[in-house]
Amino acid sequence: MGRQRVGIAAFIWLVGLTGAAGGAQAQENNCVTCHSALGGRLAAPVEAFQRDIHAEKGFGCVACHGGDASIAGMGGMARELGFVGRPRGRQVLDVCGRCHSDADFMRRYNPSLRVDQVTEYATSVHGRRLLELGDTAVATCLSCHPAHNVRPPSDPLSSVHPVNVAATCAACHGDADHMKPYGIPTDQREKYERSVHWAALSEQGDLSAPTCNDCHGNHGATPPGISWVGNVCGQCHSVMADYYEESRHATTFTMLGVPGCATCHQNHEVTRPADDMLGLDEGAVCARCHAPGDRGGETALAMRSMIDSLQAAYHAADSLLGAAENHGMEVSQALFELGGANDALVTARAAVHSFDREIVGAEVTDGLEVAVRAFARGEDAMNELRFRRTGLAVSVVIILALIAGLLLKIREVDYRATVTET
Amino acid sequence: MTRVRAWWHRSWRWLDDRIGFDAFTAVAKKKDVPVHRHTLWYYLGGMTLFLFVVQVTTGILLLFYYRPTAEQAYESVQFLMAEVEFGWLVRSIHSWSANLMIFALFIHMFSVLLLKAYRPPRELTWYTGVGLLGLAVTFGFTGYLLPWNELAYFATRVGTEIMGAVPLVGDFMLRLLRGGDDVTGATLTRFYAIHVAVLPLCAVFFLGLHLFLVQKQGMSVPLDVQQGGGSRGRMPFFPNFLLRDLVGWLVALAVLAALAAFFPAHLGEEADPFAPAPAGIKPEWYFMFMFQTLKYLPAHILGIEGEIVGILGFGLAGVFLLLIPVLDRRSARGERSPLFTWIGLVMILYVLLLTYLGYTADPAI
């Protein structure tokens, strides 16, 4: 190792001599010249940096590392020229923040980019541990935005592209050794990748589906507090959150010190909600706290029964109209109107978060009215179909009778013609 | 009863004095139809005419409810199908009868072609018949768009695009048909005007001339029957032949009723010009052989775009079909003409094969 370092130093000294002799080439980036020639680990940043957003915007090595790239050899890396080498720990914040916290400077390159990342970071658990406790194992800018390969979040190859965020966070949070001192579980990514959110993001390509930073924040990442999680889910699921906020559960859960949404839906492993979650049957989340005899249990059973009745009415009407449509009946308007019952079903399911059977009942009643009307139209269509078939049978009989009559008439006129000829 | 009969006789005489029914009855009595082993084919003209009358009748009924604008067309047809008493029946019969009419027309044309019934002096009858076939498929093409549903919209887009590929006049034709660069409400209005006014007017002229010529020249007797015997005499048109025609029409009516009851005309989704074209867009069956041919042609033939070569080819085939009475000199002289029999058979086989492939071949090809 020592021999290799001596070799590198000798190489840089030689390059320095060559650079000094060739003054015309003094303007070139000597960092790139030397590091490219050195190969291996030292050349890797040169190759990677070519696709870095900073390189695209015209920044060179000295923007972060300091020093003077116009000076060939080790001279350009003198401390007195501001060379910082490889920034570590708190130094990373200073290096990145020098530009990213300067609104005037950033406006020239990306006016829409926020300039409070370092300030936010200081409020995060990562930032607090680094700045207050000097814990250098926590994440800094470079942990999520890898040096020499920083790309905008919209770039699918970026470490902070929505699809890649879980892997980026899991680089530390999935590492049992790294997390051991903090006593944090390391299965979050595994759980998240079984969630409905990950399915929406990775399978349906819905980039608005939440990933780690959407709930935990990115620069200001903090662990979820009890009331905080409810707020986070409500950012997207606002209707449910509003119902929940007005419900008894909001007060009770806060009193018990358990999170609102995650108590029933889990946090990282949020699976697709189903009606089975409601009620007191096996697998129902209500049954974890409520029993058939108590008021909450009765409410759960009543809400489940109402939802089931609406769902059954919707499916009955839908299947009847579908059958009529398959037989060629024009029922598109009825099918369109039946959509109202499905809307009511969706609204009623959201209203379940009020844990109030009257609120759920109001939504279900509206939906049932629509479904019953649609079912009646389906029955009309099927009756009409039967009428058509009967009408067809009658008309075919009449036509056949006419044909028979005509055939007899033809026989008669042909016979008459033969008689006339003879 | 006697009084009614007397009143009827008086009324008839009153009308006869003014109109002169004698002339009609004389023609009806004089008109007869040759009887031989190919007589069956004579019924196809009458069948086509019957289906045309069904089309006119149901078309007029549809006009009472149809509204020819992009905003209202689909809703008006939907209303007709779902709310109007027997609206579904009228539209379904109109749709099925259109298909059966074109089918009968094709068989009628090919039977005339193979029996060489276009021989002098019936060239004009052939020309007007080919003209009527052209009118019938144009009726089909323009009528297909009128419900303004998704399939019709995109099929019209593809159809007019093909028209736009015609050299020299293609661009003009495309804009003339579409009423702009794309298929819009302006196209719908044009197609409507063509379907309910322009084409019926042309059809009345061509059909009138066609029927007049058939009436004047009588039915053509095939050459082999004429020369080799096989004629079983002649049958009076009225009532013997007409009664047989009526049987065929009643059968057609029963078939139409069954098709309308079991397979009513679909409406599908409303056309949305901003939606992507649904996969596997296909034209009506009578255009399928041309559509499939264009799909098989290479991108370039002798440096000319394959599609243009195909369209020119079909144009030339149409001209050839029209000019057959002029080109088939042997038949005109009363001689056997196997070449044109083979041409007719090849045409039938080609249309059948390409239509079959159009419905069965991999759409990606």
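In the predicted model, Ala170(A) is located in helix α11 of chain A, which covers residues 162-173. Ala170(A) has 18 C-beta neighbours inside 10 Å and therefore counts as partly exposed, the buried class requiring 20 or more. Arg189(A) is 19 residues from Ala170(A) in sequence, yet the two C-alpha atoms are 6.2 Å apart in space.

A second position in chain A, Glu363(A), belongs to helix α22. Because 23 C-beta neighbours fall inside 10 Å, Glu363(A) counts as buried. Leaving aside residues up to four places away in sequence, Glu363(A) touches Ala344(A), Thr347(A), Ala348(A) and Ala351(A). Of these partners, Ala351(A) lies 12 residues from Glu363(A) along the chain, with a C-alpha separation of 7.9 Å.

Chain A as a whole contains 22 helices and 0 strands. Its length is 422 residues, of which 26% are buried. Among the contacts in chain A with a separation of 6 or more, 56% are between residues 24 or more positions apart.

The helix packing of chain A was examined for α20(A) and two partners. Two packed helices are described by the angle between their axes and the distance between the axes. Helix α20 of chain A spans residues 295-326, and helix α22 of chain A spans residues 357-421. The axes of this pair are 8 Å apart, at an angle of about 20°. An angle under 35 degrees counts as roughly parallel, so α20(A) and α22(A) are roughly parallel to each other. Their crossing is left-handed. The residues of this contact comprise 22 nonpolar, 5 polar and 2 charged.

The other partner of α20(A) is helix α21 of chain A, residues 332-351. Here the axes come within 10 Å and cross at roughly 160°. Since angles over 145 degrees count as roughly antiparallel, α20(A) and α21(A) are roughly antiparallel to each other. The crossing of α20(A) and α21(A) is left-handed. On the α20(A) side, the contact is made by Ile307(A), Leu310(A), Gln311(A), Ala313(A), Tyr314(A), Ala317(A), Asp318(A) and Leu321(A). These residues meet Ala334(A), Leu335(A), Leu338(A), Ala341(A), Asn342(A), Ala344(A), Leu345(A), Ala348(A) and Arg349(A) in α21(A). By class, the residues of the contact divide into 13 nonpolar, 2 polar and 2 charged. Ala344(A) and Ala348(A), both listed in this contact, are also among the residues touched by Glu363(A).

Chain B has 16 helices and 4 strands. Of its 365 residues, 31% are buried. For contacts in chain B between residues at least 6 apart in sequence, 77% link residues at least 24 apart.

Within chain B, helix α7 (residues 150-164) and helix α8 (residues 170-178) have axes that come within 7 Å and cross at roughly 150°. The two helices, α7(B) and α8(B), are therefore roughly antiparallel to each other. From α7(B), the residues in this contact are Thr160(B), Met163(B) and Gly164(B). Their counterparts in α8(B) are Gly170(B), Asp171(B), Met173(B), Leu174(B), Leu177(B) and Arg178(B). The contact of α7(B) with α8(B) has 4 nonpolar, 3 polar and 2 charged residues.

Between the two chains, 22 residues of chain B are in contact with 19 residues of chain A. On the chain B side, the elements that give two or more residues are α4 (73-82) and α11 (237-262). The largest share comes from α11(B), with 13 residues. The side of chain B that touches chain A is made up of 18 nonpolar, 3 polar and 1 charged residues.

The model scores ipTM 0.83 and pTM 0.69. In chain A, the mean pLDDT is 88, and 91% of the residues reach 70 or more. Residues 11-27 of chain A have pLDDT under 50 throughout, and the model has 22 contacts beyond four places in sequence for this stretch. Where pLDDT is low, the predicted coordinates should not be read in detail. Chain B has an average pLDDT of 92, and 99% of its residues score at least 70. Confidence in chain B is lowest in helix α2 (residues 21-30), where the mean is 83. The highest value in chain B, 97, belongs to helix α3 (residues 43-63).

Terms used
Residues are numbered from 1 along each chain as its sequence is written. Chains are lettered from A and ligands numbered from 1 in the order in which they are written. This is a predicted model: local features need pLDDT of at least 70, side-chain atom pairs count only at pLDDT 80 or more; totals for chains, interfaces and linings use all residues. Two residues are in contact if their C-beta atoms, placed from the backbone, lie within 7 Å. Ala, Val, Leu, Ile, Met, Phe, Trp, Tyr, Cys and Pro count as nonpolar, Asp, Glu, Lys and Arg as charged, and the others, Gly among them, as polar. Axes are lines fitted to C-alpha atoms, for helices over the stretch in contact, and angles run from 0 to 180 degrees between N-to-C directions. Angles under 35 degrees count as roughly parallel, over 145 as roughly antiparallel, 65 to 115 as roughly perpendicular and the rest as oblique. A crossing is left-handed if the near helix is turned anticlockwise from the far one by less than a right angle, and right-handed if clockwise. pLDDT is the predictor's confidence in each residue, from 0 to 100. A residue is buried if 20 or more other C-beta atoms lie within 10 Å of its own, exposed if 12 or fewer, and partly exposed in between; C-beta atoms are placed from the backbone.
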